[in-house]
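Got your viewer open? Let's walk through this one stop by stop, picking a selection and looking at what is there.

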Amino acid sequence: MIQNNYFNDVPDLKLHFDHLIHWKEIIDSYENGFSDAAKFKAGDDRYATAPSNYEEALDYYRTLVESVGEFAGKEIAPHVADLDREGLKFENGKVIFPEKLLEIVRKARDAGLQPTGFSRKYGGLGIPWTVRAFITEMLYRADASICIAIGCVNLAEIIERNGSDELKDAWLPRFAAGEFACAMGLTEPDHGSDLPGLRTRATHKEGNTYLLNGTKRFITQGCGTGEIPAVLLLLARTGDQGSGARGLSFFLVQSKDVQIAGIEKKMGLHCSPTCEVVLENTPGILIGQEGHGLIRHTMGMLNGARMGIAQQGTGISQAALAETLKYTSERTQFSRPLNEIPAVRKILRRMERETMAMRCLMLEGARTMDMYYWRGEHLRAKGANDRDLKSDIVLKYWEKLAGLLTPISKFYCSEMCVRIAGDGVQLHGGVGFTEDYDISRIYRDSRITTIYDGTSQIQVNAAIGSVVSGMSSHGFLKEYVENEWKKFETQDLGVLPEVWDCYKEIISLYKELPSSESREESADEIIWASARLLAGLLFFRSTLRTPNELKRERLNYVHEYNLDSFGILEGLKAKLKLCVAESKPVLL
């Protein structure tokens, strides 16, 4: 892997941080009038790192981002190939990690880089979703397995949102200090995405303690990380078997009280343990209220989980792009470097513009998280109840937009990262199919992104209703696009207006499809078209704040991207027209 500062060596990443992000609105939303700094001045040392003005906030965020970029490119990157080859071992019910991986996790903990998801009150770094997006992308670029080992502790942020004050005070400072890894226990052998059918049982014992019995599968980091034990956050049934989603509750379980039956042998992520966990009268602490485990707690964390995979997809794409640019500049064929051959140069440009567009979409998803999530938290802190929150028009708008952009971002960035990694393998030629270069591992690791934290098909189901309703005459998606359009004034938009017109026709045709089955079969194409439209729109918007010396080149990439989108959308429109005219199912 390239060894460099993974922030400073990506001009597009620096461009977003320095020019494209509207930091004032992010800081206003997160820092809440710099209330944490006021607490420090009042004598609470937990808030010592809290900024007291905009300049301090941005300096703090940038210092963190640059530090993680240095750590990813200098402490992680040199070791990932060897770690991938060594992998994990499972002996006598215990997972054996490579010592170098454990050393890297300790270094991240000691450097204070782990607790990105917790507030300063509990020892966290205290940063908004947008800053976390930069950090996570860079760590995933270095290596997905190590990124998970370092960052899995932040799954416990669900306790900060839903736990009692007693539970938060007892556990969150320990998570932030790196005393535990954290694992999410949702999937069971017979129930993956079908969470309402889960069978693991929880029987009340006393107080907030229950006894859990059942089996969980595909539990990442469920064994802990070496000497660091895990806390598992598990869904289990407190209602009867027919109670569906409303019979599920959320529990905190320690890894010392479960049995690890084995780990999966996987295509990729060779240093990330995917465990089968057996619970036999295992003690668990109830988080929140009984019956709220799926509907309120698990569903409430989905936006963050989706954005995490969108960041993973972007990071892996950046890794594939960077390694391929390096290889094609050094490899000579036909008396010239590969990157000077037109057919190769064409693929490299596509990889680069697709990664840039993905980053625009992913960071906009993070922005919507910042704009709705922290507003809700601050309103709750002032005593607002659920009814107050539902009546807040600004909160409702951003929540709707986040609920749409996060599944679309997860869907698009994961699907596209597999394609970009595949392009990287192609341009490496024969050696791309060997283990001699990092591109092979990058490709293998990319493949999981379309599967875990909700498959691409689940993301389509999550987004399609919001897309269709959002494109009605007064729909929020239509409103969002039209509001963005007003910023462009008299700019040369290339084919973007044609993309928008074609998209509106596609949505109309989709509504006219002859059956619900036809609509379900074509929904993935509609979401793909939606992602292309939004990414292209945001990609163009980024040029409005791009410095003049960089604008022409960026506009060229934007126009190429939107021209690709126009061809894709025109093809989909032709298929839908045929289906509507002949009242036949869509065969895509």
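Is D36 buried or exposed? Select D36 and see: D36 is buried, at a relative accessible area of 15%. (Buried means under 20% relative accessible area, exposed means over 50%, and partly exposed is in between, with a 1.4 Å probe and protein chains only.)

Before moving on, a word about what you are looking at. This is a predicted model, where local features need pLDDT of at least 70 and side-chain atom pairs count only at pLDDT 80 or more, while totals for chains, interfaces and linings use all residues. Residues are numbered from 1 along each chain as its sequence is written, and side-chain values use heavy atoms, with hydrogens and water left out.

**First stop: a pair in α3**

Keep D36 and add K39. Their side chains meet in a salt bridge, 3.7 Å from N to O. (A salt bridge is a side-chain nitrogen of Lys or Arg within 4 Å of a carboxyl oxygen of Asp or Glu.) Both sit in helix α3 (residues 35-41), 3 residues apart, so about one helical turn separates them. K39 is partly exposed, with a relative accessible area of 37%. (Helices here are DSSP runs of H or I with at least four residues, strands are runs of E with at least two, and both are numbered from the N terminus.)

**Next: the annotated domain**

Select residues 62-179. An unreviewed UniProt entry places "domain: Acyl-CoA dehydrogenase/oxidase N-terminal" there; UniProt positions follow the numbering used here, feature names are shortened, and annotations may be inferred rather than shown by experiment. Over this stretch the chain is 63% helix and 5% strand, with the end C-alpha atoms 27 Å apart.

Now pick K107 and E75. They form a salt bridge whose closest N and O atoms are 3.1 Å apart. K107 lies in helix α6 (residues 99-110) and E75 in helix α4 (residues 54-76), so this pair ties together parts 32 residues apart in sequence. K107 is partly exposed at 35% relative accessibility, and E75 is partly exposed too, at 29%.

**On to the strands**

Show strand β7 (residues 248-254), where 6 of 7 residues are buried. Add strand β6 (residues 230-237): β6 and β7 run antiparallel, joined by 7 bridges. (Two strands pair if DSSP finds at least two bridges between them.) For one spot to click, L232 stands opposite V253 in β7. Then bring in strand β9 (residues 274-287), which pairs with β7 in the antiparallel sense over 3 bridges. Here F250 has I287 of β9 as its bridge partner.

**A helix to trace end to end**

Which span should the 29 residues of helix α12 (residues 302-330) have at 1.5 Å a residue? The expected span, 1.5 Å times one less than the number of residues, is 42 Å, and the end C-alpha atoms are 42 Å apart, which agrees. Of those 29 residues, 23 are buried, so α12 is largely enclosed by the rest of the structure.

**Last stops: cysteines and charges**

With a disulfide taken as a pair of cysteine sulfur atoms within 2.5 Å, the count comes to 0 disulfides. Try C502: its nearest cysteine sulfur, that of C579, is 16 Å away. C502 counts as buried at 2% relative accessibility, and C579 is buried at 3%.

Finally, select R441 and D438, whose side chains meet in a salt bridge (3.7 Å, N to O). Both lie in helix α16 (residues 438-446), about one turn apart, and both are buried. To finish, highlight E25, E364, R367, E484, K487 and R541, which salt bridges with shared partners join into one network. The structure holds 48 salt bridges.
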